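User: Can you walk me through this one? I'm new to reading structures.
Analyst: Sure, have a look first and then ask away.
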Amino acid sequence: MSTTASDPLAALGALPGVADAVDSVRKAVDRVYGHRVMRRRSNEVTAEAALRGARGSAALSGADWNLEEVRRRADFSGDGEAQVIGAALRLTAEAGQLLSIWRQSPLRVLARLHLVAAGGAAPDDAVGRPRLAGEPVDEPLIEAPLPSAEEVAGRLEGVSGLMLAGTSAPALVVAAVVHGELLALRPFGSYNGLVARTAERIVLIGSGLDPKSICPAEVGHAEQGRAAYVAAFEGYLSGTPDGMAAWIAHCGRSVELGVRESTAVCEALQRGAA
């Protein structure tokens, strides 16, 4: 992260264009929360958002399945793509249960997320802990150079410190930085993209922006496409003001597309079609 201000996340919120992205996201979220279906059927919208968010996150990690196939399938223990889908579903189910722990120990939550994602698919001694020097990382989408294990440890502590210290930055900015930093570090041997996007979800829920978890940013990330996702992430990696602003705006647009998806779900429920 490029800024050294006393509240670096708040400083990112002051970058050109970021305030507009924040405002646009807030208005979109407010609109879907005001939908009449949310008064009595919000649990159904939340469940559908979790399913669609998991599908979107898995698509970015190389398992681009049709939504109905994800809905229909009960066993995800098969090939690599099935395992990715299963991991994404487990993570979205887990996210809302970790809010209180996140506020006290973000690193514990990240360890738990990797444990949930791996689901026994990785060697026991590699699950739920940051990678050690020389350990490989399986992350097909992100090809940026891997930080050293020592750098990973230090920067994870930095992320944790920022979360625990609190910030006046908007939720979108905090979520985008947590997401981007975890993608940059790829701290685990596997499932880093899924974990990063789940951490983004946790921040958006816990901040109060999306308390019912009905605005799946993962849907929007997937809808914008893998190429756009990687290009925006390269902006984060650059650490430049323009690059950081572009990444935050990309994450904001993803939330808005997630809102659009859940608005469609609300409309379908209202018509009795879902």
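User: Which helices do the buried residues of H12 pack against?
Analyst: They pack against H3 (42–60), H9 (171–185), H10 (192–206), H11 (217–224) and H13 (241–271). Contact here means heavy atoms within 4.5 Å. Helices (H or I, at least four residues) and strands (E, at least two) are DSSP runs, numbered from the N terminus.
User: Anything I should know about the model before going on?
Analyst: This is a predicted model, where local features need pLDDT of at least 70, side-chain atom pairs count only at pLDDT 80 or more, and totals for chains, interfaces and linings use all residues. Residues are numbered from 1 along each chain as its sequence is written, and side-chain values use heavy atoms, with hydrogens and water left out.
User: OK, back to H12. Which of its residues are buried?
Analyst: Tyr 229, Ala 232, Phe 233, Gly 235 and Tyr 236. Buried means under 20% relative accessible area, exposed over 50%, partly exposed in between (1.4 Å probe, protein chains only).
User: Where do they sit around the axis?
Analyst: They cover an arc of only 145°, which puts them on the same side of H12. The arc is that of the directions from the helix axis to the C-beta atoms.
User: What comes right after H12?
Analyst: Gly 239 follows H12, and its phi is positive, near 75°.
User: New topic: how many aromatic pairs are there?
Analyst: The count is five. Rings of Phe, Tyr and Trp (its six-membered ring) pair if their centres lie within 6.5 Å; planes under 30 degrees apart count as stacked, over 60 as edge-to-face and the rest as tilted. Trp 65 and Phe 76 make a tilted pair, with 6.4 Å centre to centre and 35° between the planes.
User: Where in the chain are those two?
Analyst: Trp 65 is in the loop between H3 and H4 (67–72), and Phe 76 is in the loop between H4 and H5 (80–95), eleven residues apart. Trp 65 counts as buried at 11% relative accessibility, and Phe 76 counts as buried at 16%.
User: Why is the pair of Phe 233 and Tyr 236 called stacked?
Analyst: Because their planes are at 10°, with the ring centres 6.4 Å apart. Phe 233 and Tyr 236 are three residues apart in H12, so about one helical turn separates them. Ring pairs also link Tyr 229, Phe 233, Tyr 236 and Trp 247 into a cluster.
User: And the whole chain, how many helices and strands?
Analyst: There are 13 helices and zero strands. Of the 274 residues, 51% count as buried.
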